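Student: I would like to learn how to read a structural model feature by feature. Could we go through one together, with the general idea given before the particular case?

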Amino acid sequence: MNGIHDVGGMQGFGKVEQEHNEPVFHEEWERRTFGTMVLFLASGIACIPELRYSTERIYAKEYLENSYFRGWIHSIEEALNCRGLAEIENLLPHSAPIGSAQPSMEHGPPLPKDFVMAALAAGVPSRVETEAAPRFALGDTVLAKNIHPRGHTRLPRYVRGKRGEVVGLRGSFALDDRIAHHLSPDLQPVYSVRFPARELWGADASENDAIYIDLWESHLDAA
Amino acid sequence: MSDSHSHSHTDVPKAPALRIKAIETVLAEKGLIDPMAIEEVIQAYETKIGPRNGAQVVARAWVDPSFKERLLADAPKAVAELGYSGLMGENMVALENTSTVHNVFVCTLCSCYPWPVLGLPPTWYKSAPYRSRIVMEPRAVLAEMGLEVPAETEVRVWDSNAELRYFVLPMRPPGTEGWSEQQLAAIVTRDAMIGTASATISPDEQKGAHA
């Protein structure tokens, strides 16, 4: 969706405000929200793209005004509500998902305290081996698709319709645009694509500079 | 509206502190989390998993050319040699700064960040000003943050919008010849590994090193 989360290249947000010696968390409830979220994800009932799509659907005004971890609370509420596990009146106003299937109720047992460090160190591997040959090769010129899906996408607006060069093959990954909607995983090659700054921003940009972005195969056309 | 449903309406307070408490209770009741484990997760990122890890990786790469080669070829594998791995770093890529290329990374769509080496991101990294501007006017943003990049240097901005997670291997500052790995790690800041700063030493440190 062309939501407020997709801010790359927008203007008018002001200066980058840095906090000297910033703590990892500012509030006790932020600490608890973080710890709860990691354990909730470890249960396997919901995936990160689904939760991202929830925060993207928070109304723009609220998205900008509310602190980051409130979005996390909101996304856990949404994951519980859409599975009928709770019926929580959300903290933040938002739009409904578009094009989502019935979510899975499957999950593993709760992660016990003694296994936390091992689980964090193991992570959640997401790269998958596939037989399919990548459609594009190193050095190919590609065109980011000009699409405006109503649902979740990891193709940001600022590269759509722009021409870039494949500079890396990253392996295959499930397309977030589908799993955010509880649709069956679609494994696709992901490419590192280099866009010259002038291709994206015009003649005012430095001719030396470039943006590198990882795009799934279905985000790209041959140029 | 909720009364006609088979499940009960969950009454949760507006204040986030009370709300997350209520959610913890719901998640525990549904068998999804063990509340006793929450503090363990939090403390891992408050005390163990943070930018000091990344600084150790950078220092090692500065003193050990073969480690640097492994780091640039397969960052998760090389970083694991120092004991760091896992969540949000399963597919890390190290970006080497040189005299001709300066790297900086962002997540324009959300807040993706290489947790095993840098911990959790600072607020500014997750903010709309940084995410919106660094892709379009990186030199202006870096200058505001105190880093002037020479015009002839190529600035590469990496948007970590898919499953790849980036971190920057800054240039080793002159005047650090002969320093130990621990001395070197101490001058590697979080921002140098994001690419919004460089690794530098103060004039005092320079003097001390020469003495």
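Student: Which residues of α4(A) are buried?

Tutor: Please keep in mind throughout that this is a predicted model. A residue is called buried if 20 or more other C-beta atoms lie within 10 Å of its own. In α4(A), that description fits A:Phe69, A:Arg70, A:Gly71, A:Trp72, A:Ile73, A:His74, A:Ser75, A:Ile76, A:Glu77, A:Glu78, A:Ala79 and A:Leu80, so that 12 of the 15 residues are buried and the helix is mostly covered.

Student: What do the buried residues of α4(A) pack against?

Tutor: They pack against α1 and α2 of chain A, together with α1 (16-29) of chain B. The helix α2 of chain A, residues 48-56, is itself mostly covered, with 7 of its 9 residues buried; these are A:Glu50, A:Leu51, A:Arg52, A:Tyr53, A:Ser54, A:Thr55 and A:Glu56. What covers the buried residues of α2(A) includes α4 (68-82) of chain A.

Student: How far apart are the end C-alpha atoms of α4(A), and what span should its 15 residues have?

Tutor: The expected span takes 1.5 Å times one less than the number of residues. For the 15 residues of α4(A) this gives 21 Å, and because the end C-alpha atoms are 22 Å apart, the two values agree. Just after this helix, A:Gly84 takes a positive phi of about 70 degrees.

Student: Moving out to the whole of chain A, how many helices and strands does it have?

Tutor: Chain A has 7 helices and 5 strands, and from the N terminus on the elements run α-α-α-α-α-β-β-α-β-α-β-β. Its C-alpha atoms fill a box of roughly 50 × 45 × 35 Å along the principal axes, and 42% of its 223 residues count as buried. To read how the chain folds back on itself, one can look at contacts by separation in sequence: of the contacts in chain A with a separation of 6 or more, 65% are between residues 24 or more positions apart.

Student: Into which domains is chain A divided, and how many residues of each are in contact with the other?

Tutor: Chain A is divided into domain 1 (28-122) and domain 2 (141-222), whose centres, taken over C-alpha atoms, are separated by 26 Å. Between them, 13 residues of domain 1 are in contact with 9 residues of domain 2, and the side contributed by domain 1 has 6 nonpolar, 4 polar and 3 charged residues. Chain B is likewise given as domain 1 (17-46) and domain 2 (49-210), with 32 Å between their centres.

Student: How many residues of chain A are in contact with chain B, and which element of chain A gives the most?

Tutor: An interface can be read by counting residues, then elements, then classes. Here 72 residues of chain A are in contact with 69 residues of chain B. On the side of chain A, α1 (28-42), α4, α5 (116-122), β2 (163-174) and β4 (210-216) each supply at least two residues, and α1(A) gives the most, with 11 residues. By class, that side divides into 40 nonpolar, 15 polar and 17 charged residues.

Student: In which sense do β4(A) and β3 of chain B run, and how many bridges join them?

Tutor: They run parallel and are joined by 4 bridges, β3 of chain B being residues 154-159; among the pairs, A:Ile213 has B:Asp159 as its bridge partner. Within chain B, strand β1 (residues 92-96) and β4(B) also pair in the parallel sense, over 5 bridges, and B:Ala94 has B:Phe167 as its partner there.

Student: Which residues of β4(B) point one way, and which the other?

Tutor: B:Arg165, B:Phe167 and B:Leu169 point one way, B:Tyr166 and B:Val168 point the other way, and all are buried. The strand, residues 165-169, is accordingly described as mostly covered, with 5 of its 5 residues buried.

Student: Which residues touch the most other members of the largest nonpolar core?

Tutor: In soluble globular proteins, nonpolar side chains tend to be buried together. In this model the largest nonpolar core has 116 residues, of which A:Leu39, A:Phe40, A:Ile211, A:Leu215, B:Val58 and B:Val168 touch the most other members, while α1(A) is the element that gives the most to this core, with 8 residues. Leaving aside neighbours within four places in sequence, B:Val58 is in contact with B:Leu169, B:Pro170, B:Val188 and B:Met193.

Note on methods. Residues numbered from 1 in each chain as written. Chains lettered and ligands numbered in written order. Predicted model: local features only at pLDDT ≥ 70, side-chain atom pairs only at ≥ 80, totals over all residues. Contact = placed C-beta atoms within 7 Å. Domains from an automatic or database assignment. Nonpolar A, V, L, I, M, F, W, Y, C, P; charged D, E, K, R; others polar. Pairing = 2+ DSSP bridges. Core = buried A, V, L, I, M, F, W, Y, C linked by C-beta atoms within 7 Å.
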